[in-house]
Amino acid sequence: MRVAFTGHRPEQLHIGHNELSEEGQALREFIRNEIRVLEQAGADTFFCGAARGADIICGELVMQEKQAHPELKLICVIPFAEQARGWAMNWAFRYRELLRNADQIVLMCSNYQRGCYHMRNRYMVDNCDLLIAIYNGENKGGTAYTVNYARERGKEILIIDPNTLEKRVIPAAYRRK
């Protein structure tokens with residue numbers, strides 16, 4: 001089974017930039033448990049968009065699971081080569097570590113071009129069986145776009161609300177009308 005992650009940037013997550021807070025640790029543990037459940041159900045490949053926030057957090061959690069289960073694969077799908085240019089030092093460092101430890105890197109565009117983020121998101125959805133969305137339900141932005149694209153493609157979607165840690169599953173057969 002192939003799983004892709006999408007999610008909000010740190011500014012839109014309930015935890016903000018404080019991942020070490022009680023809420024931040026709870027979100028990380030919730031996602032870690034979902035990864036473990038999926039692994040036991042046969043998930044072996046995980047796609048990560050490697051953006052600040054939920055993407056990097058999810059990718060790091062897969063990297064940690066790989067220590068005990070080296071058969072897992074982490075594929076980082078990046079929209080353009082300089083995605084991390086201008087990021088704060090801590091996010092840029094985490095990004096580089098994620099790419100360094102990835103089993104594969106898929107580069108959509110060598111330089112930024114309009115639509116490259118959507119290209120990345122469509123690639124991940126088109127190549128996964130399940131999309132995990134760290135998503136607060138707002139109907140705007142890249143996470144909303146990716147969730148809607150996955151719905152249109154009939155993919156199974158697991159939505160984790162970063163504010164409440166409630167989860168909701170949209171079955172694979174659902175088609176948006």
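Is Tyr117 buried, exposed or partly exposed? Tyr117 comes out as partly exposed, because its relative accessibility is 30% (buried is under 20% relative accessible area, exposed over 50%, and partly exposed in between, with a 1.4 Å probe and protein chains only). The model here is predicted, so local features need pLDDT of at least 70 and side-chain atom pairs count only at pLDDT 80 or more, while totals for chains, interfaces and linings use all residues. Residues are numbered from 1 along each chain as its sequence is written, and side-chain values use heavy atoms, with hydrogens and water left out.

On to the rings. Searching the whole structure turns up 7 aromatic pairs (rings of Phe, Tyr and Trp, the last by its six-membered ring, with centres within 6.5 Å; planes under 30 degrees apart are stacked, over 60 edge-to-face, the rest tilted). Tyr117 pairs with Tyr112: the ring centres sit 6.4 Å apart and the planes meet at 50 degrees, so this pair is tilted. Add Phe80, and Phe80, Tyr112 and Tyr117 make one aromatic cluster. For Tyr145 and Tyr149, the centres are 6.4 Å apart with planes at 10 degrees, so that pair is stacked. Tyr145 and Tyr149 are about one helical turn apart, because 4 residues separate them in helix 5 (helices are DSSP runs of H or I, at least four residues, and strands are runs of E, at least two, numbered from the N terminus). Tyr145 is partly exposed at 25% relative accessibility, whereas Tyr149 is buried at 10%.

Now for the interior. The largest nonpolar core has 34 residues, and Ile31, Phe46 and Tyr95 are among those with the most contacts inside it (a core is a set of buried Ala, Val, Leu, Ile, Met, Phe, Trp, Tyr and Cys residues joined through side-chain atoms within 4.5 Å). Helix 2 (54-68) is one of the elements supplying at least two residues of this core, and the largest share, 7 residues, comes from helix 2. Leaving aside residues up to four places away in sequence, Phe46 touches Val3, Phe5, Ile35, Val62, Leu72, Lys73, Leu74 and Ile75 (contact means heavy atoms within 4.5 Å). A second, separate core of 18 residues includes Val77, Cys128, Tyr135 and Ala150.
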